[in-house]
Every structure is written in C-alpha cells, then in structure tokens.
Amino acid sequence: MIVAVDIGNTNVVVGVFDGDRVVARWRLASDTRRTADEYGVFLKALLSRCSSVESCPEGIVVGSVVPVLSDVLDAALRQLFACELFHVTHASPMPVTNSYAKPNEVGVDRLANAVGGTMLYGRPLIVVCLLYT
C-alpha cells in the first residue's frame with residue numbers, strides 16, 4: 001500500500017493505493033491553525049476505516065503547495081507511521097521536463113498531473129484540471 005498526501009491551498013487530499021487502484025480517498029480542510037496532533041487524529045480516524053493500511057505502508061508520498069502545512073502534516077504522519085516520507089518537489093526525478101524559467105515556482109500538483117497524464121496516455125499531452133468540491 002502507498003499513502004499519498006496532496007497538501008493544497010484549500011484541501012489536504014489523502015489517498016490509499018494498492019498498485020494503481022485507489023482503495024480510499026479523503027479530503028480535509030487546509031487549515032494552518034491546526035496542529036500536527038489535530039491532523040494526526042483526523043488521519044488516524046480516516047485510515048482506520050481502511051483495513052488494508054498496515055502499520056507501515058510501502059511508502060508515503062507527500063506533495064505540497066503550502067510549505068507551512070508540510071511540516072505539520074509530516075509530524076502527523078510520523079506520529080502514525082514509522083517509515084520515511086518521500087516529498088515530491090520540482091527537483092524530484094520525473095519523466096517530464098520542467099522547462100519553466102523558475103522551475104521551483106511550478107506547483108508540485110501540476111507536475112504530478114503532468115507525470116500522471118504522461119504515464120497513462122503518453123505524449124503529446126495537454127492536462128486540464130477541473131476544480132470541484
């Protein structure tokens with residue numbers, strides 16, 4: 001199992017994957033006032049609904065466009081699991097080229113969308129993201 005955490009400006013989205021199959025998915029409000037303990041309680045309650053999550057999944061992948069929440073969620077995840085976290089950044093190896101003049105200014109959510117689209121559909125590719133609640 002892989003636990004994926006997308007820390008966005010509006011929501012923190014947590015997904016549990018078994019290979020390429022989504023086993024579970026939840027949304028939490030992105031709230032910079034919440035502590036690691038609070039997020040830990042939420043995550044523990046949600047993940048307990050998913051019987052396939054072991055005490056230490058194969059991996060935990062975190063992508064964030066909200067740096068202040070990254071440390072908080074890291075601490076919450078480390079309280080729950082005794083395994084390393086992998087942070088996706090603009091410098092992470094990926095099968096797409098980030099040709100922006102300032103590569104670190106491209107959100108990792110957009111890079112992940114480009115990687116996912118390329119892996120699923122190949123190239124050339126245009127990714128259109130629709131927002132929903």
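## Sheet, helices and selected residues

A75 is partly exposed, with a relative accessible area of 30%, and the place of A75 is in helix α2. The model discussed here is predicted, and the account below moves from the sheet to the helices and then to single residues. The sheet is open and has 5 strands in the order β3-β2-β1-β4-β5, with mixed pairing, while helix α1 (residues 36–48) and helix α2 (residues 67–80) pack with their axes 8 Å apart.

**The sheet**

- The edge strands of this open sheet, each of which pairs on one side only, are β3 (21–29) and β5 (85–88).
- Neighbouring strands of the sheet are turned against each other by 20 degrees on average, if direction is ignored.
- Helix α1 packs on this sheet, where α1 touches β2 and β3, and the direction of α1 makes about 150 degrees with that of β3.
- In general, the strands of a sheet pair through backbone hydrogen bonds, and the pairing is either parallel or antiparallel.

**Strand β1 and its two partners**

- Strand β1 (residues 2–7) runs antiparallel to strand β2 (residues 11–18), and the two are joined by 6 bridges; the connection from β1 to β2 is a hairpin through 3 residues.
- Strand β1 is also joined by 6 bridges to strand β4 (residues 59–64), and here the two strands run parallel.
- Particular pairings can be followed residue by residue: I7 stands opposite V12 in β2 and opposite S64 in β4, while the bridge partner of V3 in β4 is I60.
- In a regular strand, side chains alternate between the two faces of the sheet.
- Such an alternation is found along β1, where V3, V5 and I7 point to one face and are buried, whereas I2, A4 and D6 point to the other face and are not buried.

**The packing of α1 and α2**

- Two packed helices are described by the angle between their axes and by the distance between those axes.
- For α1 and α2 the angle is about 50 degrees, with the axes 8 Å apart, which makes α1 oblique to α2.
- The crossing of α1 and α2 is right-handed.
- On the side of α1 the contact is made by A36, D37, Y39, G40, L43, K44 and L47, and on the side of α2 by L69, V72, L73, A75, A76, L77, Q79 and L80.
- Sorted by class, the residues in the contact of α1 with α2 are 11 nonpolar, 2 polar and 2 charged.

**Residues of helix α2**

- S70 and D74 both have their place in helix α2, as the assignments of S70 and of D74 show.
- S70 has a relative accessible area of 12% and is therefore buried, the cut-off being under 20%; apart from its neighbours within four places in sequence, S70 is in contact with I7 and S64.
- The I7 and S64 touched by S70 also stand opposite one another, I7 in β1 and S64 in β4.
- D74 is buried as well, with a relative accessible area of 8%, and D74 touches V62, L85 and H87 when residues up to four places away in sequence are not counted.
- A75, which is partly exposed, is among the α2 residues that make the contact with α1.
- The C-alpha atom of A75 is separated by 20 Å from that of M1, a residue that lies 74 residues away along the chain.

**A residue of helix α1**

- F42 is found in helix α1 and, at 33% relative accessibility, counts as partly exposed, because this class lies between the cut-offs of 20% and 50%.
- If neighbours within four places in sequence are left aside, F42 is in contact with L28 and R34.
- F42 and D20 are 22 residues apart in sequence, and their C-alpha atoms are 25 Å apart in space.

**A cis peptide bond**

- The peptide bond that joins R123 and P124 is cis, with omega at about -5 degrees.
- P124, one of the two residues joined by this bond, is found in the segment after α3 (108–121).

Technical notes. Residues numbered from 1 in each chain as written. Predicted model: local features only at pLDDT ≥ 70, side-chain atom pairs only at ≥ 80, totals over all residues. Heavy atoms only, no water. Axes fitted to C-alpha atoms, helices over the stretch in contact; angles between N-to-C directions. Helix = DSSP H or I, 4+ residues; strand = E, 2+ residues; numbered from the N terminus. Parallel < 35°, antiparallel > 145°, perpendicular 65-115°, else oblique. Left-handed = near helix turned anticlockwise from the far one by under 90°. Contact = heavy atoms within 4.5 Å. Nonpolar A, V, L, I, M, F, W, Y, C, P; charged D, E, K, R; others polar. Buried < 20%, exposed > 50% of the residue type's maximum accessible area, 1.4 Å probe, protein only. Pairing = 2+ DSSP bridges.
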